[in-house]
Amino acid sequence: MADILASLRSLMASHSPPLDALLVPSEDYHQSEYVSARDKRREFVSGFTGSAGLALITKNDARLWTDGRYFLQAMQQLSDQWKLMRIGEDASVDAWLSDNLQREATIGIDPWCISVDTAQRWEQAFAKRKQKLFQTTTNLVDEVWKNRPPAEINPVVDHPLEFSGRSVTEKLKDLRVKLANEKARGIIITALDEVAWLYNIRGSDVSYSPVVHAFAIVTLNSAFLYVEKRKVSSKVNSSLQENGIEVREYGAVSSDVVMLASNQLDKATGVISSQNGVCDNDLIWVDPASCCHALFSKLDANMVLLQQSPLAPAKALKNPVELEGLKNAHIRDGAAVVQFLVWLDKQMQEIYGASGYFLEGEVDRKKTPETTKLTEVTVSDKLEGFRASKEHFRGLSFPTISSVGPNAAIIHYSPQAETCAELDPNSIYLFDSGGQYLDGTTDITRTVHFGKPSAHEKACYTSVLKGHIALGNARFPNGTNGYALDILARIPLWRYGLDYRHGTGHGIGSYLNVHEGPHQISFRPHARNVPLQVSMTVTDEPGYYEDGNFGIRLENVLVIKEVDTEFNFGDKGYLSFDHITWAPYQIKLIDFSLLAPEEIYWLNTYHSKCREILAPYMDKNQMEWLKKATETVSA
């Protein structure tokens, strides 16, 4: 790590102009959350493997900014050459640079790896002391990364109508109506899941996300896909051409954006002239959150419509085929989770003498032979195996969080085979996992204990469960955003002075990204930006994490639906949620003295549905276990 920093500082000093600081974001050219191995530049320079973070290197300082999900992980992974900066607690990167670098300092950034709005925000902050954000022509990290993984050439595949539910023709027609309404003659689409959704294509260029490294440009008359042509078979190419999409090489997007800016790209002018001859449709639509600064810089800023992509809300509003697919995928996924729990319960009893999933008992840890012991990695591999046996499975939707005891307090813990913990019947085990299926993407978290949980662990688990139930049972008027609902999941924890440092819910894709916007349920201000709407998906995942001891999280996926209410104040119409995730909550972790009668009723009703819905997937032993796990309970 020291050699990497020394090499980068040498390049910074010899750069023209010399760079006083270098920013290394986590994102790729498409501002993706999950990136391919060759795009993990921030991980390469810092050693921190979390999905979110920003590295800053100056002549004699190295700092990493990340959010509350990763504080513990970053502290463990960063060497003593790095200082952790906690987002929300420490100074922001722009404030720190403004205060700590000299006037007129030059701060380097690869303009392909930074969004328009982030670049503009930093430029504004740096201007106070005449500091300059300088766009480098090459990525300095790539120059020192000797064994950088090569680009993978993975095929682009069609995503058929039986799963997508809407044709490319329909989607393009809708998009062009929105362009015309906004007086725009074209849009640059850079988010990988938006390109995949619009053109009904999928790929495997990024682990856990079935997307293709590609850009798209759509005008009033034309549509282009920028991708390495080697990835596109003649069959897929024909399908794209039939939908009026021209395939061009990935690198051609730069020159085509220049042509778009000068109105030379479109096959026809496509402009609607008003009576005085002035063009009404002359703007280029760019999403400032997902478009890289490199492409934006090629446009005339006065002729750009900087606005959220119209594809983000369109993609979030699932059509009936997508909703049906998501429900079916979650049923198969729930079956896999239950089968895993049945297996794990048996293993914990046989190998460790644990009292098991149902009974509470002290366990004397016995010496376990290396060949039979269970680790966080071996059990998560087993869970993947149960998923892989299900129809339409295509892989995991994110790296499985399989965490025991203190590791469960690391919110986005990712176990590694060499360093992971052995399972412990005396400790809480948390697993947060999901699958990619052709008909939907899944995400579920359950927390279990195979020994005797403490009264404190039960109280914390029950508080998390109460928040989970309260949010899932919410009714709210049309126009309500996720910021307004976030508090519902936290109130039971706040009662005891407890809380958690992550958002409570995110959208989920239809065989796409597991984290999907633009809506979310969160305490963060940008959750105010988008109201929750019918047919959106969103997770419900409160938690509690006690550093060094344990972590608890419960997560289901919900679908937003209309609900009939006795009254209809303001004629707004009211909404509620449907759970589509099916797996039991562990009864022995619940302190029933803390649950209200209506919460116990909800739990019994949910468990009854679990039994009924998952029964077709269970063998005799699994069904007996499931019946026991979902028995009717009373206070």
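Start by selecting residues 573–632 in this predicted model. The C-alpha atoms at the two ends of that span sit 34 Å apart, and the stretch is 47% helix and 10% strand. UniProt lists these residues as "domain: Peptidase M24 C-terminal", in an unreviewed entry.

Now jump to the other annotated stretch, residues 6–140. The UniProt record, again an unreviewed entry, calls it "domain: Creatinase N-terminal". Here the end C-alpha atoms lie 12 Å apart, with 32% of the span in helix and 20% in strand.

Next, try colouring by domain. You'll want three colours: residues 1–144 for domain 1, 157–316 for domain 2, and 320–361 plus 373–629 for domain 3.

Keep domains 1 and 2 on screen and hide the rest. Their C-alpha centres are 30 Å apart, and the contact draws on 19 residues from domain 1 and 25 residues from domain 2. About 1600 Å² is buried between the two, and carbon and sulfur atoms give 63% of that area.

Which three residues should you show as sticks on the domain 1 side? Pick His30, Trp112 and Val116: together they supply 43% of the area that domain 1 buries against domain 2, more than any other three residues.

What about polar links across this boundary? Between domain 1 and domain 2 there are 11 residue pairs in polar contact, counting pairs with both residues at pLDDT 80 or more. The salt bridge count between these two domains is 0.

Staying on the domain 1 side, select helix α5, residues 116–127. With 5 residues, α5 gives the most to the side that touches domain 2. Colour that whole side by residue type and you get 8 nonpolar, 7 polar and 4 charged residues.

Last, a few backbone spots to zoom in on. Most peptide bonds are trans, and most residues other than glycine have a negative phi. Here are some exceptions.

- Go to Ser16 and Pro17: the peptide bond from one to the other is cis, with omega near -5°. Pro17 is in the loop that runs between α1 (2–14) and β1 (21–25).
- Move to Gly517 and Pro518, where the peptide bond is also cis, with omega near 10°. This time the proline, Pro518, is in a strand, β23 (residues 516–521).
- Finish at Lys183, a residue other than glycine with a positive phi, near 60°. Look for Lys183 in the loop between α8 (168–181) and β8 (184–189).

Key. Residues are numbered from 1 along each chain as its sequence is written. This is a predicted model: local features need pLDDT of at least 70, side-chain atom pairs count only at pLDDT 80 or more; totals for chains, interfaces and linings use all residues. Side-chain values use heavy atoms; hydrogens and water are left out. Domain bounds come from an automatic or database domain assignment. Contact means heavy atoms within 4.5 Å. Buried area is the accessible area (1.4 Å probe) that two parts lose on being put together, summed over both. A salt bridge is a side-chain nitrogen of Lys or Arg within 4 Å of a carboxyl oxygen of Asp or Glu. A polar contact is a pair of N or O atoms within 3.5 Å; within protein, one must be able to donate a hydrogen and the other to accept it, and residues adjacent in sequence count only if both atoms are side-chain atoms. Helices (H or I, at least four residues) and strands (E, at least two) are DSSP runs, numbered from the N terminus. Ala, Val, Leu, Ile, Met, Phe, Trp, Tyr, Cys and Pro count as nonpolar, Asp, Glu, Lys and Arg as charged, and the others, Gly among them, as polar. UniProt positions are given in the numbering used here, feature names are shortened, and annotations may be inferred rather than shown by experiment.
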